[in-house]
Amino acid sequence: MSTVRAAVTVVVADDQTTIREALATMLDLLDDIDVVGSAENGERAVAMVLDLRPDVLLTDLRMPVLDGAGATARVTSEAPDTAVVVLTTFDDEESILAALQAGARGYLTKEASRDEIADAIRTAASGNAVLDQGVQARLLAAAVSATSAAG
């Protein structure tokens, strides 16, 4: 007898309506991902997470009212069973570190494909971390640079 695995539940947060709706539609087409809400800012995203308790919050970084890093910090504190994956256009060291220090379990740029985004959501929901290759390279370069400067 096979067991049917429940779909990963997701709240999508992005202040750009077109992006938010496209992400929700694109992810909802997948059998194993269920978008349960969408929010236009970080404050609304936190409220939805606290109300709906999704497996994952997929959030942009730069949003009004409360940015993605602030929302991430609140979610990881107030709803620790919800993993946060950041999906943003920003791949600078400061943005990456702000999100990771706030508790994000994943960080992707908006260059990511639907499959990469879906895989990141699944990975984060299973308790693991995921960083896209460009982000990994940027963090590695920063670590090497910091090590060289300290030596």
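**Helix α3.** I began with α3 in this predicted model, and I noted that G68, A69, G70, A71, T72 and V75 are buried there. I then looked up what covers these buried residues of α3, and the cover includes α2, β3 (56–59), β4 and α4. At the start of the same helix, α3, I found a side-chain oxygen of D67 that reaches to within 3.3 Å of the backbone nitrogen of A69.

**The largest nonpolar core.** Next I turned to the largest nonpolar core, which has 23 residues, and I wrote down that A13, L57, L61, V75, V86, A99 and Y107 touch the most other members. I checked which elements each supply at least two residues of this core, and they are β1 (8–13), α2 (42–52), α3 (68–78), β4 (83–88), α4 (93–102) and α6 (133–150). The largest share, 4 residues, comes from α2.

**Y107.** I followed Y107 further and, leaving out residues up to four places away in sequence, I listed its contacts as L61, V86, T88, F90, S95, I96, A99, V130, L131, D132 and V135. I also recorded a second, separate core of 22 residues, which includes V8, A24, L30 and A118.

**A112.** Where does A112 lie? I found A112 in the loop between β5 (106–109) and α5 (114–125). I count A112 as buried because its relative accessible area is 16%, and buried means under 20%. Finally, I looked up the separation of A112 and T88, which are 24 residues apart along the chain, and their C-alpha atoms are separated by 9.6 Å.

Methods
Residues are numbered from 1 along each chain as its sequence is written. This is a predicted model: local features need pLDDT of at least 70, side-chain atom pairs count only at pLDDT 80 or more; totals for chains, interfaces and linings use all residues. Side-chain values use heavy atoms; hydrogens and water are left out. A nonpolar core is a set of buried Ala, Val, Leu, Ile, Met, Phe, Trp, Tyr and Cys residues joined through side-chain atoms within 4.5 Å. Buried means under 20% relative accessible area, exposed over 50%, partly exposed in between (1.4 Å probe, protein chains only). Contact means heavy atoms within 4.5 Å. A polar contact is a pair of N or O atoms within 3.5 Å; within protein, one must be able to donate a hydrogen and the other to accept it, and residues adjacent in sequence count only if both atoms are side-chain atoms.
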